[in-house]
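Reader: I would like a close look at one strand and its partners. After that, please cover a few backbone and side-chain details elsewhere in the chain.

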Amino acid sequence: MLAITTADNKGLEISLGVEEIKFIDALKTMADLRDNRGKRHSQAFLITTFVFAALVGRSKVSGIHRYMTNKIDWLREVTGYKDATPVSRSHLPRMLANLDWLALSCVITDCFGEQTVQMIQDEWISADGKVMRGTLKSGEKQAIIHAVSHESRIDVAQARQVGDKSSEITVMREFLKETGLEKAKISLDAHHCNPETMTQVEQADGVFLIQVKENQPKLLEHCRVLAEQPPLAESIDHDCGHGFITTRQAHLHNLQLSDIDSRWQHSGLRTLIVMNRETFNQSSQKTSNETAYYLSNYLNDSKQYTVKTLASAIRGHWSVESNNWQLDVTFGEDRVQVGNGNQAQIMGKLRCFAMNLIRWSKTGTKNFQATIEKFTDSPEALVSMLEQVNFL
């Protein structure tokens, strides 16, 4: 087994399992931090039920509790927990709050790690933080860092950010190191356009693609000046959807470290992509234009291949934003009010896991809402999907 484990407050493990084991059985081996006198309810059954509930559109604690209560006989039958009893409404949030993030991460990756490790090795990965907006206590802002495959949209790894004073920038750097993503092909937003993050990826022999905006004014101005020169190569593509026709034109420029501030000298910066987007709104008959600048340490011998590769990766970065949108809109994450930070993050992790299960099964990934409604109307379809991905 190949494993990388972090400290508890950044918990994550990536592993390659040598034996295939059903997730519901692996849960029985998960560490249980409760006192033995308080183990009336199985945490494995609770986690299983939460995933079932998320897959039929239940997001709030009350809805999950009602699902567990109303479906208890059926849940006993399909999970094999013959003696399981519903957790009370008052005790349910306490049980969720006491689940161990790292232990849960280990179980998930023991069962599904082989797929995600392969993605990290082969595909572009986009990473970004998502604030758990339902956390109530001030000064205890909770966020989850998500790393998502551009191609499959699988959420390959997560880490936690805790507290208003914590910085996503430093948490991201630790996350990249602990997961090995610093050695992969990683795309980040402008928040992470800084020499330390770029140098970390460069020295780990990874590849980065990061947008530059006004938070780095001197570097951005240099990019604008460089963009006025003839490009080394360019690519263009068009797409039409949702009433919009978009044309994207990418220009490749060579960036010389000697031309920018000395603090960037170890960053590996060598490539600038200038992305011009023209969008025509078929409804209003209006056209809008946008220019964005992206920096990378990637440069292939073929400049045409370089510009096409990075232009594709720029579009693919939105996979993490797409997943965050699905978590909020389809799985109702932002509507859930939670007073305990660990509970909010555990629930967020399990929702993300539920969405991954659908993607792994390749069932209804084009319309998550339709898939959830199908599972609601046809419990047999839900069970079939979970058996397909070795959850049951």
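Author: The answer starts with the strand and then moves to single residues. The model is a predicted one.

Take strand β3, residues 124–131. It is mostly covered, with seven of its eight residues buried. The cut-off for buried is under 20% relative accessible area.

Which strands does β3 pair with? One partner is β4, residues 142–149. Seven bridges link β3 and β4, and the two run antiparallel. Within this pairing, K130 sits opposite I144 of β4. Another partner is β6, residues 185–188. Here the count is three bridges, and the direction is parallel. I125 faces I186 of β6 across this pairing. So β3 has an antiparallel neighbor in β4 and a parallel one in β6. In a regular strand, side chains alternate between the two faces of the sheet.

Now the backbone angles. Most residues other than glycine have a negative phi. H242 has a positive one, near 55°. Its place is the loop between β8 (233–241) and β9 (244–254). H242 counts as exposed because its relative accessibility is 82%, and the cut-off for exposed is over 50%.

Q285 also carries a positive phi, about 60°, and is not a glycine. This residue lies in the loop from β10 (271–281) to β11 (286–296). Q285 is exposed because its relative accessible area is 55%.

A helix residue comes next. T371 belongs to helix α13, which spans residues 368–377. T371 is buried because its relative accessibility is 4%. Its side chain makes a polar contact: it reaches the backbone oxygen of N367 at 3.1 Å.

What about the cysteines? The disulfide count is zero. The cut-off is a pair of cysteine sulfur atoms within 2.5 Å. Why does C106 form no bond? The closest cysteine sulfur to that of C106 is in C111, and it is 11 Å away, too far for a bond. C106 is buried, because its relative accessibility is 17%. C240, in contrast, is exposed, with a relative accessible area of 56%.

To return to the strand: β3 is joined to β4 by seven bridges and to β6 by three, and seven of its eight residues are buried.

How values were computed:
Residues are numbered from 1 along each chain as its sequence is written. This is a predicted model: local features need pLDDT of at least 70, side-chain atom pairs count only at pLDDT 80 or more; totals for chains, interfaces and linings use all residues. Side-chain values use heavy atoms; hydrogens and water are left out. Helices (H or I, at least four residues) and strands (E, at least two) are DSSP runs, numbered from the N terminus. Buried means under 20% relative accessible area, exposed over 50%, partly exposed in between (1.4 Å probe, protein chains only). A polar contact is a pair of N or O atoms within 3.5 Å; within protein, one must be able to donate a hydrogen and the other to accept it, and residues adjacent in sequence count only if both atoms are side-chain atoms. Two strands pair if DSSP finds at least two bridges between them.
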